[in-house]
Amino acid sequence: MDYQGVERWVRVNALDSDLINEDIRAAVAGGIDGIRLPKTETAAEIQAVAKKIEAAEKEFGKKVGSTMMMAAIESPLGIMNAYEIATADKSRMMVSH
C-alpha cells in the first residue's frame, strides 16, 4: 500500500507481554517506520527492544537500524529515568519535546 510519504508507526504490547516478539516481527516484516513502546520505565527496556528489532530486521531482510523507536513514558519511574531512556539507543530513538 502506498502511504504517500506518511510515516507508519506501530504501538506494540509491553515488554512483559508474551506478545511483544510477534508484534515486533510482524511490524518490521510489514515495513513500518517505527515502533512505539508503551509504559517504558528503564533504559534496559529500550536496549532489549532494540535487540528484538534488529533481529527482526535481519530476519526479514530490512536494513539494520532502519526501524525507529519511540518510548512512551507513562509512570513516575519512567519520568525519573527519562534521560536514560532517551539516550539508551541514540541510533533508533525518536525524541520529541
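**Group meeting: helix 2 and the core around it**

The chain has 4 helices and 3 strands. Before going on, please note that this is a predicted model. Reading from the N terminus, the elements come in the order β-α-β-α-β-α-α. The radius of gyration is 13 Å, close to the 13 Å that the globule rule gives for 97 residues, so the chain is as compact as a globular protein of that length.

A few overall values next. Along the principal axes, the C-alpha atoms fill a box of roughly 40 × 30 × 20 Å. Of the 97 residues, 33% are buried. The accessible surface is about 6000 Å², and carbon and sulfur atoms account for 53% of that. As for contacts, take those between residues at least 6 apart in sequence: 69% of them join residues at least 24 apart.

Now to helix 2, which is residues 43-59. What span should we expect for its 17 residues? At 1.5 Å a residue the answer is 24 Å, and the end C-alpha atoms are 24 Å apart, which agrees.

Which residues of helix 2 are buried? They are Ala-43, Glu-45, Ile-46, Val-49, Ala-50, Ile-53, Ala-56 and Glu-57. Around the axis they cover an arc of only 145°, so they lie on the same side of helix 2. Lys-51 and Lys-58, on the other side of the helix, are exposed.

What covers the buried residues of helix 2? The cover includes two helices, helix 1 (20-29) and helix 4 (82-86), as well as strand 2 (34-37) and strand 3 (68-71). Just after helix 2 comes Gly-61, with a positive phi of about 70°.

That brings us to the core. In soluble globular proteins, nonpolar side chains tend to be buried together. Here the largest nonpolar core has 19 residues. Those with the most contacts inside this core are Ile-24, Ile-35, Ile-46, Val-49, Ile-53 and Met-69. Helix 1, strand 2, helix 2 and strand 3 supply at least two core residues each. Helix 2 gives the largest share, with 6 residues.

One example from that core is Ile-24. Leaving aside residues up to four places away in sequence, Ile-24 touches Val-12, Ile-35, Val-49, Lys-52, Ile-53 and Ala-56. Of these partners, Val-49, Ile-53 and Ala-56 are among the buried residues of helix 2.

To sum up, the buried residues of helix 2 sit on the same side of the helix, and helix 2 supplies the largest share of the largest nonpolar core.

Technical notes: Residues numbered from 1 in each chain as written. Predicted model: local features only at pLDDT ≥ 70, side-chain atom pairs only at ≥ 80, totals over all residues. Heavy atoms only, no water. Expected span 1.5 Å × (residues − 1). Buried < 20%, exposed > 50% of the residue type's maximum accessible area, 1.4 Å probe, protein only. Arc of directions from axis to C-beta. Contact = heavy atoms within 4.5 Å. Rg over C-alpha atoms; globule rule 2.2 N^0.38 Å. Areas by Shrake-Rupley, 256 points an atom, 1.4 Å probe, with all protein chains shown as cover. Core = buried A, V, L, I, M, F, W, Y, C linked by side-chain atoms within 4.5 Å.
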